[in-house]
Amino acid sequence: MLRFAESSSSPGDPWLNIAIFGAFVAITMIIVFRASRNNKTAADYYAAGRSFTGGQNGSAIAGDYLSAASFLGIVGAIAITGYDGFLYSIGFLVAWLVALLLVAELLRNTGKYTMADVLSFRLKQKPVRIAAATTTLVVCFFYLLAQMAGAGGLVSLLLGIGDAVGQSVVITVVGALMILYVLVGGMKGTTWVQIIKAVLLIAGAGVMTVWVLALHGFDFSALLDQAVATANNPAILDPGLKYGVNDISKIDFLSLGLALVLGTAALPHVLMRFYTVPTAKEARKSVVWAIWLIGIFYVFTLVLGFGAAALIGPEVIAAAPGGANSAAPLLAFELGGPVLLGLIAAIAFATILAVVAGLTITAAASFAHDIYASVVKKGKPEAGAEVKVARRTVVVIGLVAIVGGIGANGQNVAFLVALAFAVAASANLPTIIYSLFWKRFTTRGALWSMYGGLISAIVLIALSPVVSGSETAMIKGVDFAIFPLSNPGIVSIPLAFLLGWIVTLVDTRKEDPVKQAEMEVRSLTGIGAEKAVDH
């Protein structure tokens, strides 16, 4: 008999889980307070004074990127849908090649604090910054939904809180901690939390991976055989269990892959991390470090997912509080009992806290720097006013994230993150690519591309089976799903590229050729970048 089957609906000791998590919060809060001592300027608050090395920043990027979706959602997806679940890992990892080859170094050379710095460099400042800030806030909101949903699912499992009110209280607590981290620590405190969390997450996943393999004589084939036997379904080893059911699901898979591979290079909270290093060389090194760490982790998820399928079974996981998101905690309980479950739960909580902190500071920086300082104050805010506005924005975003997280509770977090990637790839990536590589690109083309990609992605998501008309829909009992795909990327991403191209071609107004030449030289060589950053 499985330990979980023998236990109550809340495996392990809830008080032990709370104690371990409380210890982590206490330690990281001390680090955040120490890091906050030097938060005097906007550069300190947004970019940690550009004081991190490539290795440190790469670890923080991994901590930022390996979210609740990576740990809870993907392990659950592999445990339940086998091969098709692992496709999430492949997409998330391959995406970093796009970020490394096309974006990281050029972005670091051209910008200052946010993505909008790059997009507005040679275009009209006001409309482009407003559009970029809008897309940043929407992408961060979708991503925050996923993290908050992960928090609700995890706590429902660990503390046996099955009712919606109890889970809502927990989501509120996570949101309050997130607000405190960002208000106090800024980017420097957030970065250290992400580095610590990345080390803990990869180490924890590594220990569980070795443990699972040891139980099967370090024979991966034996593990797969047991997974098939426990699930009583050989199809978990074959493509198509989730995305090969019919033609629609196959197209949905292409749409998902497109969103994952192209979305990473356009995620605002990932792009902002490139500004925390002193040089473009360190930015490039950051991505190489991130690729190695993230790649190793995703190999672990393959073993953990099939390990959960073998030792617990897809039916038990699906029926547990938290559903698919409970696979990793249940596997930890099966392997090491309450103590390992408590440790893995604390790491999962740390994952959620670190990522929501990174998302929140990105959204706050976008509003304070791009809207308040650059548009409202025309680039000349009073001393300290920009950071004050950023801190107030943090509180507002935190409250919105709490409300949204309560609404999204129960959804598969990997899937919710995939929607955030689709919105990012649709709203941001075409304009980033065109701005960096197409001399003729105009302000009007940028606005049509960003707003067109953003609106099309959101409308298609609203009209998809994700929101209504399916068993797992966010809104139960209604059906207005006229768009058949769960992920809009295959429609909205090409549409955004097309809008930017066509509108630029028909636009009679030309942009400043001097600014275009300056941007090209700076993005490729870094000349002038340090001066712009310092002043």
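# Helices, core and cavities of a predicted model

At 1.5 Å a residue, helix 4 (residues 54-65), with its 12 residues, should span 16 Å, and the agreement is good because its end C-alpha atoms are 16 Å apart. The structure described here is a predicted model, and the points below move from two of its helices to the nonpolar core, then to the cavities, and lastly to some single residues.

**Two helices**

- In helix 4, 11 of the 12 residues are buried, so this helix is largely enclosed by the rest of the structure.
- The buried residues of helix 4 are Gly54, Gly55, Asn57, Gly58, Ser59, Ala60, Ile61, Ala62, Gly63, Asp64 and Tyr65.
- Helix 2 (residues 14-35) is made of 22 residues and reaches 31 Å from its first C-alpha to its last, which is close to the 32 Å expected at 1.5 Å a residue.
- Along helix 2, the residues that are buried are Asn17, Ile20, Phe21, Phe24, Val25, Thr28, Met29, Val32 and Ala35.

**The nonpolar core**

- The largest nonpolar core contains 159 residues, and those with the most contacts inside it are Tyr65, Tyr88, Phe92, Trp96, Tyr181 and Leu331.
- Helix 15 supplies the largest share of this core, namely 26 residues.
- Trp96, one of the residues with the most contacts inside the core, is in contact with Ile61, Tyr65, Thr264, Val270, Phe274, Val287, Ile291 and Ile294, leaving aside its neighbours within four places in sequence.
- Two of these partners of Trp96, Ile61 and Tyr65, are also among the buried residues of helix 4.

**The largest cavity**

- Rolling a probe the size of a water molecule over the atoms shows where empty space is left.
- A search of the whole structure finds two cavities of 30 Å³ or more, and the largest cavity has a volume of about 60 Å³.
- The lining of the largest cavity is formed by Tyr113, Thr114, Met115, Ala116, Thr136, Pro268, Met272, Thr362, Ser366 and Asp370.
- Two elements, helix 7 (115-119) and helix 15 (327-376), give two or more residues to the lining of the largest cavity, and helix 15 gives the most, with three residues.
- By residue type, the lining of the largest cavity divides into five nonpolar, four polar and one charged.

**The second largest cavity**

- The second largest cavity has a volume of about 30 Å³, and Arg122, Ser435, Leu436, Gln516, Met519, Glu520 and Ser523 line it.
- The elements that give two or more residues to the lining of the second largest cavity are helix 18 (429-437) and helix 21 (513-525), with the largest share, four residues, coming from helix 21.
- By residue type, the lining of the second largest cavity divides into two nonpolar, three polar and two charged.

**Two buried residues**

- Ala79 has its place in helix 5 (residues 68-81), and it counts as buried because its relative accessibility is 0%, where buried means under 20%.
- Leaving aside its neighbours within four places in sequence, Ala79 is in contact with Gly305, Ala308, Ala309, Pro314, Ile317 and Ala327.
- Ala79 and Ile291 are 212 residues apart in sequence, and their C-alpha atoms are 24 Å apart in space, while Ile291 is one of the residues in contact with Trp96.
- Ser492, whose place is in helix 20 (residues 489-506), is buried, with a relative accessible area of 0%.
- Apart from its neighbours within four places in sequence, Ser492 is in contact with Ser426, Gly453, Ser456 and Ala457.

**Two exposed loop residues with positive phi**

- Phe218 lies in the loop between helix 9 (164-215) and helix 10 (220-231), and its phi is near 55°, a positive value in a residue other than glycine.
- Phe218 counts as exposed because its relative accessibility is 56%, where exposed means over 50%.
- Asn232 is found in the loop between helix 10 and helix 11 (247-263), and it has a positive phi of about 55° although it is not a glycine.
- Asn232 is exposed, with a relative accessible area of 68%.

Definitions and conventions. Residues are numbered from 1 along each chain as its sequence is written. This is a predicted model: local features need pLDDT of at least 70, side-chain atom pairs count only at pLDDT 80 or more; totals for chains, interfaces and linings use all residues. Side-chain values use heavy atoms; hydrogens and water are left out. On a 1 Å grid over the protein atoms alone, a cavity is a set of points where a 1.4 Å probe fits but cannot get out, and a pocket is an open set with protein on both sides within 12 Å along at least five of seven lines; lining residues have an atom within 4 Å of a point. Grid points are joined across faces, edges and corners, and a volume is the space filled by probe spheres set on the points. Ala, Val, Leu, Ile, Met, Phe, Trp, Tyr, Cys and Pro count as nonpolar, Asp, Glu, Lys and Arg as charged, and the others, Gly among them, as polar. The expected span of a helix is 1.5 Å times one less than its number of residues. Buried means under 20% relative accessible area, exposed over 50%, partly exposed in between (1.4 Å probe, protein chains only). A nonpolar core is a set of buried Ala, Val, Leu, Ile, Met, Phe, Trp, Tyr and Cys residues joined through side-chain atoms within 4.5 Å. Contact means heavy atoms within 4.5 Å.
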